Amino acid sequence: MTDTLGGLVTIALLIVLLAAAYVPLGDYMARVFTSTRHLRVERGVYRLTGVDPDAEQGARSYATSVVGFSLVGIVGLMALLVGQAALPMDRGLPGMPWWMSFNTAVSFVTNTNWQSYAGESTLGFTAQMAGLAVQNFLSAAVGMAIAVALIRGFVRARSGTLGNFWVDLTRATLRILLPLSVVAALLLLAGGVVQSFADTTVQTLAGHPQVLTGGPVASQEAIKELGNNGGGFFNANSAHPFENPTALTNFLEVFLILVLPVALTRTLGTMLGHRRQGVAVLGVMTILWSVSLAVTTWAEVGAHSAAGRAAGAAMEGKETRFGEWASALFAVATTGTSTGAVNASHDSLTPAGGGTVLVNMMLGEIVPGGVGAGIYGILVMAILAVFVAGLMVGRTPELLGKKISARQMTYVALYTLTTPALVLVGTGTAIARSDTAEAMGNPGGHGFSEVLYAYTSAANNNGSAFGGLTVTSDFLQITLALAMLLGRLVPIVLVLLLAGSLAEQGKVPATAGTLPTHTPLFVGMLVGVIVIMTGLTYFPALALGPIAEALA
Amino acid sequence: MSTLLTQAAHQLPEAVRKLDPRHLWRSPVMFLVLLGSVATTVAAIGDPSVFTVSIAAWLWLTVLFGNLAEAVAEGRGKAQAASLRAARTDTVARLLGDDGTETEVAATQLEVGDRVVVEAGDVVPGDGDIVDGIASVDESAITGESAPVIREAGGDRSAVTGGTRVLSDRIVVRITAAAGETFLDKMIALVEGTSRRRTPNEIALSILLASLTLVFLAAVATLAPMATYAGAPQDLVVLVALLVCLIPTTIGALLSAIGIAGMDRLVRVNVLAMSGRAVEAAGDVSTLLLDKTGTITYGNRQASRFVAAPGVSDAELRDTARLASLADQTPEGRSVVDLALAQGADDRDLPGDAVFVEFTAQTRMSGVDLADGTQVRKGAGSAIGGWLGHEPQEVRDTVDAIAREGGTPLVIGRKDAGDPGGTGTVLGVIQLKDVVKEGMAERFAELRSMGIRTVMITGDNALTAQAIAAEAGVDDFLAEATPEDKMAYIQKEQEGGRLVAMTGDGTNDAPALAAADVGVAMNSGTAAAKEAGNMVDLDSDPTKLIDIVEIGKQLLITRGALTTFSIANDVAKYFAIIPAMFVAAYPSLDRLNVMGLATPQSAILSAVIFNALVIVALIPLALRGVRFRAASATAVLRRNILVFGLGGLVVPFVGIKLIDLLVSTLPGMN
């Protein structure tokens, strides 16, 4: 089978499997978040934590819970990381430095999983399992809870409440992420991913002994992909043979990355009682994703770079086990969601390919986006699109029966402002410092891309690294951590306030004068708004990095 | 167009006056352009070159063009206000004391509750209700309509407006509005735009524009260190030029002009909106409550059919009905004559010696007595039956059937000359019915396609109402409607999330007018109705509600379309400016110069000039409004995306290129 045929078959198979999971998984999740029954284990959790599961929360209360939960998570995780020497199974490793642990704690709590350290040489098993893996579950569950709260904002009329954060969090973890992770971990294990607590010492060909670090990799790998976390057990992430040994596990990991964000659009449609709306949202994501995949694959496979043309293929930085097709697919999946796992070095992608995955993140993590974050991200963009479109049909804009007036636009405007401001101000400040040039792995436009990529990845909570840039300076540790923290919590609070303001409204009935938001026309309009807004925001920065390089 | 140019030239001083930062502060976008103009001017003085001076000059022009749009929009209202002021001359009022004595006081000293006398030739000194008398009033000062109107005490035609002139008779008016708060004062303030507040939708759009401005500010501010790193540090003038081109100046400059012009369009159709909020709400209305009489049907009923009694020929009934109605000057009577003629009756005059018998409340019949003793009568079935002493069963059935269908049956009876003591003959029945105005069904269908339901309000019984509703094509009707019923209907619709518009003129309409999202009071109506509604129709034409809805929609569409155009424009500006800024550092970026602009300087200057000129080019559209055609939301959106979205993408590529061809011939452009 040629590479092209193999690549196309892989993509086709991926789409078939995602389509198969779409309805059952999406509807199952809708039932999880609308059911009035509590499982026995959940009641136990509520009793232990003193939560009244039947008490509803308003927007402010919900937001306070989320922010409080996240901050407590950061402090707790920092304690584990700094004090890991005192923990069992520490593999004799010392505690993490303060700023690195702050950066790492923020990173995992915000679902970013930006790693300024190498996993195998920095962290013991307890810190990995009780610290990072726990946050892998919880941060993904938080994302789902926010999405569900926003959907409730659209569904409810004249209501002061959005549900109960603790219940949504618990259910997302126990009923969705945990069971799916167990299944995924077993499949990965069967595919050859390691799961042990022992290191293996082997004799190399040269006759020297080499210690191969083992660990509870399969269990962590499952939630790393499923929860769109992306933090690797090993520094090489999914390019490491213990995390991702075969083409089959590679395929499975791409599927796991995409399955929840895709199925959540079905959850959206089902909870709204308007399935075609969910399909339309998926349509927008699919169009953007397909274009992104096509461009990246074209760039990588066609070797559209000087080095690539010389070698006949752009294989630098790619795993020979997977090749360009699978690397391009993985890169698009991981940057379009907020995963950030990598099976190839993005620094080594061709300028056009690297630029495209960068743009994927700049779109705001909505193709198809992080677990939950993709849904609320695209709904906010839909409000923006419907505002302009609604004016153009001569009515006060409305989305799904809710009027979009000054209050809603304030939240939406601040939301769309937050991430670009963090990315641009972060990059601008960093590039103005003389020590940044020393931290870069490359000079000129490519070096600039490394910095731009770092802040884009952090502020959008993606977590993938372009590579090349040494990010251990205090300045980068702190500013990237702030980008992650603000890039996560500020949008979440705004989304919840938006949801609250929507829930308070009554529902406007649809008439022939109402702009339908599930039609191809609106899908096209939304795609246009997302592309133009992203393009206008980032074009100057992109021109100085990937575009200048790609056109050279 | 030429008048617009004249207006623009006329308003130029006003536009310069509006450069005041305290005024521009209201629009963050234009305020930022002002700051940019100042900054580039300072830079140009420090480093004068054709390029820097040109950029600074065009940035000032950008602000000026925005001001000009606003000034022209306001100027139109000011002209109207001046003519209104002329009507508010120093009137002397004749204050009526409790003892019947008159004292002359200045109109400005009148208080609410005062009673004044106004006689033929006097100007009404203030707003009020007539408490005594009847008069014909010339309201042309306010409505522009020269035909006088009748105003009388009691009922729904009792309101008079200060500044109008009494043409005949004498009336006593009780003042209902204090000086300075009269209708005329409000009107002057409205058309001048002094009381203009930003509407909810305008505020929401301003928030979006402000956030876009901040994003672009961040993009341009951070571009400075990025450019320095790239080895291509940028001058302040270039960065400011990029910023001004990116921020949504087109819509920012025209936003307030669009709002003022929208109100102005309403004034031109003789509707006064008390708030811009109401105009916007009109675009959102999904239910229209329309009074049947005068709006959907002509005010009176007309003959539509003759039904002959058994043994009577159609021709005999037709001719007799005509005879009975010849002297009847009521609209109903004339319509009987017209129908008979249309059906072939002879066009003969009434014999000179015939005697007309007028309708009275006692007889409930009218008709004619001929010289030969023949008597013909036309009246309700029971009246004719009583007059003749008998009424055939078939006729009675026809009468009932017509009434059931919503028509009004009139029976024709005759006592012959040769048989004065006889019982006479019942000849048959004339069917009168409401006639639906022409074109109403089409207009309602148009409204339906826009998602607006029309509801007919009538005092008729349900059967009658249903028949007319079906003929007119309204979506629903409210029969035997009391003010309470209207109120309940409005509340029911609003609970379902719909916005309701209605017209009304009577005092008992006031609560419903106040409750409706858009309440249009007829100028001919009572002061209470005018106070309750949020718009007043000076022509008192209830069908105008439909125009109001369209103007409301047009206002929003214009804003949305120009916002889309403004944002879409940025794409081309990037392709002009970014390669110009960085081609020295990264020669590969020259491939982005798809327009093939001559030099970096000419490219940047061309983009700035285009950005300024597009404001001027769009002033007529902002004032006129984007054309609105009734269609479904999807169809309207598709059209506007095509014109303003796609057009906004393409036009600047062409425009900047053309400007560059000229600009590149300037010295100092390389």
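Contact here means heavy atoms within 4.5 Å. The views below show a predicted model.

**View 1. Two aspartates of chain B that UniProt lists under "binding site".** The unreviewed UniProt entry gives B:Asp505 and B:Asp509 for this feature. B:Asp505 sits in the loop between strand 20 and helix 18 (510-515) of chain B. B:Asp509 is placed in the loop between strand 20 and helix 18 of chain B as well. B:Asp509 counts as buried because its relative accessible area is 5%, and the cut-off for buried is under 20%. Leaving aside residues up to four places away in sequence, B:Asp509 touches B:Lys486 and B:Gly504.

**View 2. Strand 11 of chain B and its pairing with strands 18 and 20.** Strand 11 covers residues 287-291 of chain B, and four of its five residues are buried. Strand 18 (residues 453-457) of chain B runs parallel to strand 11 and is joined to it by five bridges. In this pairing B:Asp291 is opposite B:Ile457 of strand 18. Strand 20 (residues 500-504) of chain B is also parallel to strand 11, with three bridges between them. Here B:Leu289 has B:Met502 of strand 20 as its bridge partner.

**View 3. The largest pocket and its lining.** The volume of the largest pocket is about 750 Å³. Its lining consists of 26 residues, and those nearest the centre are A:Val359, A:Val531, A:Gly535, A:Leu542 and A:Ile547. Two or more lining residues come from each of helix 10 (275-301), helix 13 (351-362) and helix 19 (520-551) of chain A, and from helix 20 (544-582) of chain B. Helix 19 of chain A contributes the most, with 11 residues. Sorted by class, the lining of the largest pocket holds 20 nonpolar and six polar residues, and no charged ones.

**View 4. Segments of chain B that UniProt lists under "transmembrane region".** The unreviewed entry lists residues 27-45, 51-69, 203-224, 236-258, 571-589, 601-621 and 641-663 of chain B. Two of these segments are described here. Residues 641-663 of chain B are 100% helix and 0% strand, and the C-alpha atoms at the two ends are 31 Å apart. For residues 571-589 of chain B the helix content is 63% and the strand content 0%, with the end C-alpha atoms 16 Å apart.

**View 5. Backbone geometry in three loops of chain A.** Most residues other than glycine have a negative phi, and most peptide bonds are trans. A:Asn228 is not a glycine, yet its phi is positive, at about 55°. A:Asn228 lies in the loop between helix 8 (217-226) and helix 9 (247-272) of chain A. With a relative accessibility of 0%, A:Asn228 is buried. A:Asn461, also not a glycine, has a positive phi of about 60°. The loop that holds A:Asn461 is between helix 17 (444-459) and helix 18 (474-504) of chain A. A:Asn461 is classed as buried because its relative accessibility is 7%. The peptide bond from A:Val367 to A:Pro368 is cis, and its omega is near -10°. A:Pro368 is in the loop between helix 13 and helix 14 (373-392) of chain A.

Note on methods: Residues are numbered from 1 along each chain as its sequence is written. Chains are lettered from A and ligands numbered from 1 in the order in which they are written. This is a predicted model: local features need pLDDT of at least 70, side-chain atom pairs count only at pLDDT 80 or more; totals for chains, interfaces and linings use all residues. Side-chain values use heavy atoms; hydrogens and water are left out. UniProt positions are given in the numbering used here, feature names are shortened, and annotations may be inferred rather than shown by experiment. Buried means under 20% relative accessible area, exposed over 50%, partly exposed in between (1.4 Å probe, protein chains only). Two strands pair if DSSP finds at least two bridges between them. On a 1 Å grid over the protein atoms alone, a cavity is a set of points where a 1.4 Å probe fits but cannot get out, and a pocket is an open set with protein on both sides within 12 Å along at least five of seven lines; lining residues have an atom within 4 Å of a point. Grid points are joined across faces, edges and corners, and a volume is the space filled by probe spheres set on the points. Ala, Val, Leu, Ile, Met, Phe, Trp, Tyr, Cys and Pro count as nonpolar, Asp, Glu, Lys and Arg as charged, and the others, Gly among them, as polar.
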